[in-house]
Amino acid sequence: MQQQPSPEVNANQRIARISAHLDPPNLQMENAATVSRLNCRAKGGAAGFKVAILGAAGGIGQPLALLMKMNPLVSVLHLYDVVNTPGVTSDISHMDTGAVVRGFLGQQQLEEALTGMELVIIPAGVPRKPGMTRDDLFNINAGIVKTISEAIARCCPYAIVNVISNPVNSTVPIAAEVFKKAGTFDPKKLLGVTMLDVVRANTFVAEVLGLDPRDIDVPVVGGHAGVTILPLLSQVKPPFSFTPKEVDYLTDRIQNGGTEVVEAKAGAGSATLSMAYAAVKFADACLRGLRGDAGVVECAFLASQVTELPFFASKVRLGRTGAEEIYPLGPLNEYERAGLEKAKKELAASIQKGVSFVRK
Ligand SMILES: NC(=O)c1ccc[n+]([C@@H]2O[C@H](COP(=O)([O-])OP(=O)(O)OC[C@H]3O[C@@H](n4cnc5c(N)ncnc54)[C@H](O)[C@@H]3O)[C@@H](O)[C@H]2O)c1
Ligand SMILES: O=C(O)C[C@H](O)C(=O)O
């Protein structure tokens, strides 16, 4: 005689039959009594883009991860670092926003972190301490950006790449050389993030004028270090005229905004919170472009023919394939023309340094 199943087994079988009816087999929980994070029903988030942050456990990386998790255009968020990603990922993943968050730790997980990504944001690398220039970071950060770029070329060659790691004037040429070697270079998709210069320029100009920074738009061209940061105050929108003293004050403050923060932090790093804000502003513009929104225009440092230099920051229109249009600099006044010459001289050397690092 067959033994009767216990009432409890019967109940479980009923649940299994009902859920088999309701759910596709691969989404069923094998046993309703042992739900875990691995067998629950997450489908991979709402519609949106797949974004990776490399250097996600750092001073910029953590608030950047927080803000990208809040961005409704992001469906999957990969957080990669060489330290501390399990904690950061666990923490961020509890936020009740749409993006599904996954963490990746150490170089052996870099390829997995990048596979399938549509936007890759790179704040990996060391920051300045007082007395240092951004170029002083080259020796460490050049190698980090090179390794990461090689992995991007292998795993997500069509992704838009936002480079934050300094010195941006050299790290973007490094990434470009790596992509050229791999045969994956698309000049529209490799973008150095100079958004913080624009954010600062809008803030400082608004302070001088006694206005709301959200109503101000200052184009900042050139590069992202000292005199290569060239605010075009003659092209501020809406148009305002400044006294020569105001122009000197504003140009100096915008060019040295990074140093202002480094000195205030007194050895504890450089801008992280304002940078995360700026990085998200720029990443969001890239995602809106990818989605097909019209009229998305921001400044970025990229391969360009706007000047005789191979890379230059200027206004670009972001679209489905990246920076689809690069705008000319427009009419410059005498002060800005002199600034442009200084900027080009320093930029040329920084670009060459990055190119030689990969070609050597
Ligand atoms: N473009 C800009 O406007 C701008 C603004 C601010 C800072 N930065 C630059 O951003 C970088 C990061 O600054 P931060 O304040 O976040 O520094 P941080 O030291 O706080 O964080 C950097 C993170 O990168 C990680 N990292 C180091 N090597 C790595 C590797 N090989 N792969 C992945 N991750 C790695 C570290 O573990 C750390 O978590 C610096 O180079 C800084 O100069 C750029
Ligand atoms: O100044 C730095 O070193 C960091 C960053 O480039 C900035 O502009 O804040």
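pLDDT is the predictor's confidence in each residue, on a scale from 0 to 100. I started there, since this is a predicted model.

**Entry 1: confidence**

I looked up the chain average first. The mean pLDDT of the protein chain is 91, and 88% of the residues reach 70 or more. I then looked for a weak stretch and found one at residues 1-31, where pLDDT stays under 50. For that stretch the model has eleven contacts beyond four places in sequence. For the model scores I noted an ipTM of 0.99 and a pTM of 0.91.

**Entry 2: domains**

I took the domain bounds from the assignment, which gives domain 1 as 45-193 and domain 2 as 194-359. Over C-alpha atoms, the centres of the two domains are 21 Å apart. I listed who takes part in the contact: domain 1 gives 44 residues and domain 2 gives 44 residues.

On the domain 1 side, I noted the elements that give two or more residues. The helices are H2 (61-69), H5 (138-155) and H6 (168-182). The strands are E4 (119-122), E5 (160-163) and E6 (190-192). H6 supplies the largest share of this side, with ten residues. I also sorted the side of domain 1 that touches domain 2 by class: 27 residues are nonpolar, seven are polar and ten are charged.

**Entry 3: ligand 1**

I counted the shell next. Ligand 1 is surrounded by 31 residues, and the closest are Gly55, Gly58, Gly59, Ala124 and Asn166. By class the shell divides into 17 nonpolar, twelve polar and two charged residues. I checked which domains contribute: domain 1 and domain 2 each give at least three residues to the shell around ligand 1.

**Entry 4: ligand 2**

I wrote down the residues around ligand 2 in sequence order. They are Pro127, Arg128, Arg134, Asn166, Leu196, Gly257, Gly258, Val261, Val262, Ser270 and Ala271. Five of the shell residues are nonpolar, four are polar and two are charged.

Which element gives the most to the shell around ligand 2? I found that helix H9 (residues 257-265) does, with four residues.

I then asked where ligand 2 lies with respect to domain 1 and domain 2. Both domains give residues to its shell, so ligand 2 lies between them.

**Entry 5: cross-check**

I compared the two residue lists for a shared name. Asn166 is among the closest residues to ligand 1, and Asn166 is also one of the residues around ligand 2.

Notes. Residues numbered from 1 in each chain as written. Chains lettered and ligands numbered in written order. Predicted model: local features only at pLDDT ≥ 70, side-chain atom pairs only at ≥ 80, totals over all residues. Contact = placed C-beta atoms within 7 Å. Near = placed C-beta within 6 Å. Nonpolar A, V, L, I, M, F, W, Y, C, P; charged D, E, K, R; others polar. Domains from an automatic or database assignment.
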